[in-house]
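Work through the exercises below with the structure in view. Try each task before reading its solution.

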Amino acid sequence: MNDEVKKEVLEMEKNPDIKTIDENYDNLKAVITALTNDYEKFKQKKVKAAGQRVRASLLNTKKLCDTLRKQVKEEITAIPIKHRNKSSDEDKSSDEDKPEEKKEEHPFVKSFREHVIIEPDGEEEKKEKPKRKRKANKPKVINKEN
């Protein structure tokens, strides 16, 4: 393992959250290259110290992956949503000119509205459904042959 990679790995261990996504990604690559070098040394020459470095590198990779995932998620949420059908200019003109069209409701929503009455106060009152009548059990016929 060369000295630059060791320095990067040590820096990353001290404060992985402070760096940008690009720096964390480069550090992840450096840790993985160090991991591959140590793994080959451990596998081919059976060096115990290399095995311990492999385990430490794997732990560092896990930490780096977690921080990268968090950073990428934050950047994803910061990206504005693009609508496929309309551009920003069409949105302004179409909303003013066209009256609202009534969309067809899903069958589940329709059945829900039938069973719920919404009061003017905004409170919901449930209609009582008719209770199902239970059928009487028929007596079982047992044939006893003696």
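**Starting point**

Asp26 is partly exposed, with a relative accessible area of 43%. Partly exposed lies between buried (under 20% relative accessible area) and exposed (over 50%), using a 1.4 Å probe and protein chains only. The model is predicted: local features need pLDDT of at least 70, side-chain atom pairs count only at pLDDT 80 or more, and totals for chains, interfaces and linings use all residues. Residues are numbered from 1 along each chain as its sequence is written, and side-chain values use heavy atoms, with hydrogens and water left out.

**Exercise 1. Lay out the elements of the protein in order.**

Solution. Begin with the count: five helices and two strands. Helices (H or I, at least four residues) and strands (E, at least two) are DSSP runs, numbered from the N terminus. Now read along the chain from the N terminus: α-α-α-α-α-β-β.

**Exercise 2. Place Asp26, then find the negative patch it belongs to.**

Solution. Step one: Asp26 sits in helix α2. Step two: list the patch, which is formed by Asp22, Glu23, Asp26, Glu74 and Glu75. Patch residues have over 30% relative accessible area and no salt bridge, and like charges are joined within 9 Å. A salt bridge would need a side-chain nitrogen of Lys or Arg within 4 Å of a carboxyl oxygen of Asp or Glu. Step three: assign the helices. α2 (21-45) and α3 (48-78) each supply at least two residues. The most come from α2, with three residues.

**Exercise 3. Is Ser57 buried or exposed?**

Solution. First locate Ser57: helix α3. Next, take its relative accessibility, 9%. Ser57 therefore counts as buried. Last, look for its contacts (heavy atoms within 4.5 Å). Leaving out residues up to four places away in sequence, Ser57 touches Val31 and Leu35.

**Exercise 4. Describe the setting of Val47.**

Solution. Val47 lies in the loop between α2 and α3. Its relative accessibility is 28%, so Val47 counts as partly exposed. Residues up to four places away in sequence are again set aside; Val47 then touches Lys41 and Phe42.

**Exercise 5. What share of the protein counts as buried?**

Solution. The protein has 146 residues, and 18% of them count as buried. Turn to the surface next. The accessible surface is about 14,400 Å², with 51% belonging to carbon and sulfur atoms. Such areas come from the Shrake-Rupley method with a 1.4 Å probe. Finish with contacts between residues at least 6 apart in sequence: 46% join residues at least 24 apart.

Definitions and conventions:
Patch = residues over 30% accessible without salt bridge, like charges linked within 9 Å, V, L, I, M, F, W, Y side chains within 5 Å. Lys, Arg positive; Asp, Glu negative; His and termini not counted. Charge placed at Lys NZ, Arg CZ, Asp CG, Glu CD.
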